[in-house]
Amino acid sequence: MDQEVTSFNAARWNELCVQLAAQASRNCGSAHDRYQRLFSELVDERLRAIPEVHHTAALEVAYRWDYLNPEGREKALQEFDTGGR
């Protein structure tokens, strides 16, 4: 079984977040809301590969790069659609 699947390495996760943030930044067209959505979706994909018991620690790291959970992304999209009203 893959080591990353059975355990959580905070240093490796931090490095991964740096890479995911760079990837999202390259693809966002300088729009922060788009960056935030792209980065958050990439993080969510990677979270599936680690045990749920480690998700809180992983998300604490991801929040440093403006991670938004799915509910937060939906709320931000709704606010954008209504012009922040």
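Is R46 buried, partly exposed or exposed? Let me start there, hi everyone. R46 has a relative accessible area of 29%, so it counts as partly exposed. I'll come back to that residue when we reach the salt bridges. Before going on, please keep in mind that this is a predicted model.

Let's begin with the overall picture. The protein has 85 residues, and 31% of them count as buried. Its secondary structure consists of five helices and zero strands, so reading from the N terminus you simply meet α-α-α-α-α, with the strands and helices taken as DSSP runs. Along the principal axes, the C-alpha trace spans about 45 × 25 × 20 Å. Now take the contacts between residues at least 6 apart in sequence: 62% of these join residues at least 24 apart.

Next, the inside. The largest nonpolar core has 20 residues. If you want to find it on the screen, look for W13, F39, V43 and L47, which have the most contacts inside this core. Three helices each supply at least two of the core residues: α2 (10-26), α3 (32-47) and α4 (55-62). V43 is a nice one to click on. Setting aside residues up to four places away in sequence, V43 touches W13, L20, L59, A62 and Y67.

On to the charged pairs. How many salt bridges does a search of the whole structure find? The search finds three, and I'll take them one by one.

The first pair on my list is R37 with E41, where the side chains meet at 3.5 Å, N to O. Both residues lie in helix α3, four residues apart, which is about one turn of the helix. How open are they? R37 has 34% relative accessibility, so it counts as partly exposed. E41 has a relative accessible area of 33%, so it is partly exposed as well.

Then there is E45 with R46, and here we meet our opening residue again. The closest N and O atoms of this salt bridge are 4.0 Å apart. E45 is partly exposed because its relative accessibility is 42%, and R46, as I said, is partly exposed at 29%.

The remaining pair is D44 with R73, whose side chains meet in a salt bridge at 2.5 Å, N to O. This pair links distant parts of the chain: D44 sits in helix α3 and R73 in helix α5 (residues 70-81), 29 residues apart. Are these two buried or exposed? Both D44 and R73 are buried.

R73 also takes us to the next stop, the largest pocket. About 220 Å³ of space lies in this pocket. Its lining is made up of D33, R34, Q36, R37, L68, R73, E74, A76, L77 and F80. The elements giving two or more residues to that lining are α3 and α5, and the largest share, five residues, comes from α5. By class, the lining has four nonpolar, one polar and five charged residues. You may have spotted R37 in that list, the partner of E41 from a moment ago.

Two of the lining residues deserve a closer look. Q36 is in helix α3, and it counts as buried because its relative accessibility is 15%, under the 20% cut-off. Leaving aside its neighbours within four places in sequence, Q36 is in contact with D66 and L68. E74, in turn, is in helix α5. Its relative accessible area is 43%, so E74 is partly exposed. The C-alpha atoms of E74 and D44 are separated by 14 Å, with their positions 30 residues apart along the chain.

Last stop, the loops. Most residues other than glycine have a negative phi. Which way does S30 go? S30 is not a glycine, yet has a positive phi of about 65 degrees. You'll find S30 in the loop between α2 and α3. With a relative accessible area of 75%, S30 is exposed, because the cut-off for that is over 50%. D66, which we met as a contact of Q36, also has a positive phi, near 70 degrees. D66 is in the loop between α4 and α5, and its relative accessible area of 32% makes it partly exposed.

That's the tour, so thanks for listening, and do turn the model around while we talk.

Methods: Residues are numbered from 1 along each chain as its sequence is written. This is a predicted model: local features need pLDDT of at least 70, side-chain atom pairs count only at pLDDT 80 or more; totals for chains, interfaces and linings use all residues. Side-chain values use heavy atoms; hydrogens and water are left out. A nonpolar core is a set of buried Ala, Val, Leu, Ile, Met, Phe, Trp, Tyr and Cys residues joined through side-chain atoms within 4.5 Å. Buried means under 20% relative accessible area, exposed over 50%, partly exposed in between (1.4 Å probe, protein chains only). Contact means heavy atoms within 4.5 Å. On a 1 Å grid over the protein atoms alone, a cavity is a set of points where a 1.4 Å probe fits but cannot get out, and a pocket is an open set with protein on both sides within 12 Å along at least five of seven lines; lining residues have an atom within 4 Å of a point. Grid points are joined across faces, edges and corners, and a volume is the space filled by probe spheres set on the points. Ala, Val, Leu, Ile, Met, Phe, Trp, Tyr, Cys and Pro count as nonpolar, Asp, Glu, Lys and Arg as charged, and the others, Gly among them, as polar.
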